[in-house]
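This report walks through a single chain, residue by residue and then helix by helix. Please keep the sequence and the coordinates at hand while reading.

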Amino acid sequence: MCSSDLTNLQGNIDQAFLRRIHVAVDFPLPDETERRTIWARSFPAGAPSETLDFDFLARQFKVTGGIIRNASLAAGFFAAEEGVPISMDLVMLGVEREFEKMGRLRSATDFGPYQPNGRSTANGAGSPGTSPRPLSEAR
């Protein structure tokens with residue numbers, strides 16, 4: 001019998017269960033260069049995402065490829081729902097929601113000049129009229 005259990009939260013696993021694991025593979029977080037590549041590849045060719053700051057995303061958010069993919073996918077859905085190009089505002093909303101799901105605390109400084117929910121302070125970072133609902137309202 002073979003079992004596969006994946007987690008980013010090894011510290012939350014019961015010690016008795018951990019003793020029964022014979023092989024554990026540690027996947028380190030991607031470095032900044034790898035994260036930039038993952039961010040850039042997370043949006044399909046032809047997706048309206050020309051204004052995205054992949055360098056900022058890679059530098060600012062030290063997360064796994066799965067988190068990057070989920071945040072990118074969410075941003076794409078938000079953009080499609082609003083009928084607008086994918087913007088940094090929408091990516092920040094996707095990142096914010098991923099952090100919320102992980103229970104990860106965040107502050108305004110985490111998002112730099114790009115604030116979620118249409119509160120961007122960067123020139124051209126947001127889409128006019130775009131104010132996605134907070135996660136609590138979207139449920």
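Ile-67 is found in helix H4, and in this predicted model its relative accessibility is 12%, so that Ile-67 counts as buried, the limit for that class being under 20%. In space, Ile-67 has Glu-98 at a C-alpha to C-alpha distance of 6.6 Å, although 31 residues separate Ile-67 and Glu-98 in sequence. Glu-98 is itself a buried residue, with a relative accessibility of 5%, and Glu-98 lies in helix H5, which covers residues 88-102. The pair therefore consists of two residues that both fall under the 20% limit for burial.

Glu-98 also takes part in a salt bridge, and the chain has two salt bridges by the rule applied here. As general background, side chains of opposite charge can pair when their charged atoms come close. In one of the two, the side chain of Glu-98 meets that of Lys-101, with 2.7 Å from N to O; Lys-101 and Glu-98 both belong to helix H5 and stand three residues apart, which is about one turn of the helix. Lys-101 has a relative accessible area of 58% and is therefore exposed, the threshold being over 50%, whereas Glu-98, at 5%, is buried.

Arg-36 and Asp-55 also meet through their side chains in a salt bridge, again with 2.7 Å from N to O. This pair links distant parts of the chain, since Arg-36 is in helix H2 and Asp-55 in helix H3 (residues 54-60), with their positions 19 residues apart. Arg-36 counts as partly exposed at 33% relative accessibility, and Asp-55 is likewise partly exposed, with a relative accessible area of 40%.

The table lists the salt-bridge residues with their accessibility.

| Residue | Relative accessible area | Class |
|---|---|---|
| Arg-36 | 33% | partly exposed |
| Asp-55 | 40% | partly exposed |
| Glu-98 | 5% | buried |
| Lys-101 | 58% | exposed |

The loop between H2 and H3 contains Asp-53, which counts as partly exposed at 24% relative accessibility. The C-alpha atom of Asp-53 is separated by 9.2 Å from that of Ser-87, a residue 34 positions away along the chain.

Helix packing can be considered next. In general terms, two packed helices are described by the angle between their axes and the distance between the axes. For H2 and helix H4 (residues 65-82), the axes come within 9 Å and cross at roughly 30 degrees. Because angles under 35 degrees count as roughly parallel, H2 and H4 are assigned to that class, and their crossing is right-handed.

On the surface, Val-23, Val-25 and Phe-27 form a nonpolar patch whose accessible area comes to about 380 Å² in total. Phe-27 sits in the loop between helix H1 (15-19) and helix H2 (32-41), and with a relative accessible area of 66% Phe-27 is exposed.

For the chain as a whole, the secondary structure amounts to six helices and zero strands, and the order of elements from the N terminus is α-α-α-α-α-α. Of the 139 residues in the chain, 33% are buried; Ile-67 is one of the buried residues, and Glu-98 is another.

Note on methods
Residues are numbered from 1 along each chain as its sequence is written. This is a predicted model: local features need pLDDT of at least 70, side-chain atom pairs count only at pLDDT 80 or more; totals for chains, interfaces and linings use all residues. Side-chain values use heavy atoms; hydrogens and water are left out. Patches are made of residues with over 30% relative accessible area and no salt bridge: like charges are joined within 9 Å, nonpolar side chains (Val, Leu, Ile, Met, Phe, Trp, Tyr) within 5 Å. Accessible areas come from the Shrake-Rupley method with a 1.4 Å probe; for residues, only the protein chains shown count as cover. A salt bridge is a side-chain nitrogen of Lys or Arg within 4 Å of a carboxyl oxygen of Asp or Glu. Helices (H or I, at least four residues) and strands (E, at least two) are DSSP runs, numbered from the N terminus. Buried means under 20% relative accessible area, exposed over 50%, partly exposed in between (1.4 Å probe, protein chains only). Axes are lines fitted to C-alpha atoms, for helices over the stretch in contact, and angles run from 0 to 180 degrees between N-to-C directions. Angles under 35 degrees count as roughly parallel, over 145 as roughly antiparallel, 65 to 115 as roughly perpendicular and the rest as oblique. A crossing is left-handed if the near helix is turned anticlockwise from the far one by less than a right angle, and right-handed if clockwise.
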